[in-house]
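This briefing is meant for a reader who is meeting the structure for the first time. Please keep the sequence and the 3D view at hand while reading.

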Amino acid sequence: MRKLLVLTTVFLVIAGLVAIGIPTGAFAKDIKAGAVINLTGPASTWGQFHAKGQQDYFRYINEEKGGIAGNKIDLTVVDHAYKVPEALKFVKKFCTSDKMDMIATWDAGSGIMAKPIIQKYKVPNINYSTYQGILKPPVDYAYLPFGSYVMDSYAVLGYIKAIHKGNAAPKVGLLTYNNAYGKSIHEPSQEYASKNNIEIVAVEEFPPKSLDLKTELLRLKDKGAEYIFMQCLPSAIIMALQSADRVSYDVPFFGTWTSTDPDFFKRGAGLIRDRMHMQFPGCLPGDGTPGIKMIEDLMARYKTVDKFDCSYWEGIVIGAIMARAFQRAHDKLGKIDSESINVALETFQNEDFGGLIPNITYTATDHSGSFSARIVKINEDQTFKPLTNFWNPEKEKVTILK
């Protein structure tokens, strides 16, 4: 009788494992994910909401889905305070003693400098910043979640070209940080403008620690810039809007998808008005897609944010891409480790995330993810109005929404 009871128990355990997708020859193990994020440095509210999004998404997968094929995702988030040397210290620890299965880095500098480390230890890394320099060969193990700042540059200038009135070429001024992130829009903007009858009348650079931009705005005004395209973090965009008012300069402003964070709307009251726009490749409230419904569900479930936020959105995006890669590695290769995850990522072909982001394709030589953009208007009440449909700004004509 006792023997029969033991056999019955073993049978039930095996049946349970099979039911939740765990191979019967192995025990489930945690999937180790690491994220190096700016939680306390300049513009850290952006990073704090990135962390919230990624943590909420993995919590949801663990609590509601039982993890990936029965394996829980164990996420470790560390703070590098926007300092590249700190980031590299954590990346090396993640790759060696911590033996992470996949990691994420935050800024352009960290993503670039981490490449030799992740390639040496063969640990896939997805970067929150979409700086195009990360995609330079060799691209092994380094991924972007969606199109780079090249795409942003083409999209913003393509939109300006489409809405510009009159026969003369639109005059555009660039206002950017003087670092790699700021300069990331210089070359692609000049390239696109030269081919599409757009005049870049001036490029004004400034250090991230600047406290006033009146001089830069006056120079742009004197050069006759009718539109300002910026590449800087939200606090600097607020400073640019303040400085424009001080020199009586009333023109439309455009930014990349990095233009807002939760503090942007608090500090931008009375300054944003109806003049701020950006390229944003994600879902928005009102889209009605499964992607935005999932975000709204996470917000209601965990209450870590109380309103749609672009940085929270990107944290979820990074989590969703990682989780999909973990699942694919299990399904295709029967194991979840850094090598199988990297192989799985390179099988993404028009991968559908329910509208959370444009569909993703990765190949062995192209880890850019997608090249689909749309322009939105940024409102002071932290809402966003789509001004175009999604389009490929390199190959397609933009459609302006009425």
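The points below go through two sheets, the helices beside them, a pocket and some details of the backbone.

The model is a predicted one. One open sheet has 5 strands with parallel pairing, and another open sheet has 7 strands with mixed pairing. The largest pocket has a volume of about 520 Å³.

**The sheet of 5 strands**

- Read across the sheet, the strands come in the order β2-β1-β3-β4-β5, and their pairing is parallel.
- The edges of this sheet are formed by β2 (73-79) and β5 (142-143), each of which has a single partner strand, so one side of each is left without a neighbour in the sheet.
- Strands β1 and β2 pair in the parallel sense over 7 bridges, and within this pair Ile 37 stands opposite Asp 79 in β2.
- Between these two strands the chain passes from β1 through helix α2 (residues 44-65) to β2, and the resulting β-α-β crossover is right-handed.
- Further along the sheet, β3 (residues 102-105) and β4 (residues 125-127) are joined in the parallel sense over 3 bridges, and Ala 104 has Ile 126 in β4 as its bridge partner.

**Helices on the sheet of 5 strands**

- Helix α3 (residues 84-95) lies across β1 (31-37), β2 and β3, and it runs at about 175° to β1.
- Helix α4 (residues 108-121) lies across β3, β4 and β5, and its direction is at about 150° to β3.

**The sheet of 7 strands**

- In this sheet the order of the strands is β7-β6-β8-β9-β10-β11-β12, and the pairing is mixed.
- Strands β7 (199-206) and β12 (384-386) stand at the edges with a single partner strand each, so one side of each is left without a neighbour in the sheet.
- On average, neighbouring strands of this sheet are turned by 25° against each other, with direction ignored.
- Strand β11 (residues 375-378) and β12 run antiparallel and are joined by 3 bridges, and in this pair Lys 377 stands opposite Lys 385 in β12.

**Helices on the sheet of 7 strands**

- Helix α5 (residues 149-163) packs on the sheet and touches β6 (171-177), β8 (227-231), β9 (253-255), β10 (276-279) and β11, while its direction makes about 170° with that of β8.
- Helix α8 (residues 214-222) also packs on the sheet, where it touches β6, β7, β8 and β9, and its direction makes about 170° with that of β7.

**The largest pocket**

- The largest pocket, with a volume of about 520 Å³, is lined by 27 residues, of which Tyr 82, Tyr 177, Asn 179, Pro 208 and Leu 233 are the closest to its centre.
- The elements that give two or more residues to this lining are α4, α6 (180-183) and α9 (234-246), and the largest share, 4 residues, comes from α9.
- By residue type, the lining of the largest pocket divides into 17 nonpolar, 7 polar and 3 charged residues.

**Details of the backbone**

- Most residues other than glycine have a negative phi, and most peptide bonds are trans.
- Ala 81, which is not a glycine, nevertheless has a positive phi of about 55°, and this residue lies in the loop between β2 and α3.
- Pro 137 and Pro 138 are joined by a cis peptide bond with an omega of about -5°, and Pro 138 has its place in the loop between β4 and β5.

Key
Residues are numbered from 1 along each chain as its sequence is written. This is a predicted model: local features need pLDDT of at least 70, side-chain atom pairs count only at pLDDT 80 or more; totals for chains, interfaces and linings use all residues. Side-chain values use heavy atoms; hydrogens and water are left out. Two strands pair if DSSP finds at least two bridges between them. Contact means heavy atoms within 4.5 Å. Axes are lines fitted to C-alpha atoms, for helices over the stretch in contact, and angles run from 0 to 180 degrees between N-to-C directions. On a 1 Å grid over the protein atoms alone, a cavity is a set of points where a 1.4 Å probe fits but cannot get out, and a pocket is an open set with protein on both sides within 12 Å along at least five of seven lines; lining residues have an atom within 4 Å of a point. Grid points are joined across faces, edges and corners, and a volume is the space filled by probe spheres set on the points. Ala, Val, Leu, Ile, Met, Phe, Trp, Tyr, Cys and Pro count as nonpolar, Asp, Glu, Lys and Arg as charged, and the others, Gly among them, as polar. A crossover is right-handed if, with the strands pointing away from the viewer, the path from the first strand over the helix to the second runs clockwise.
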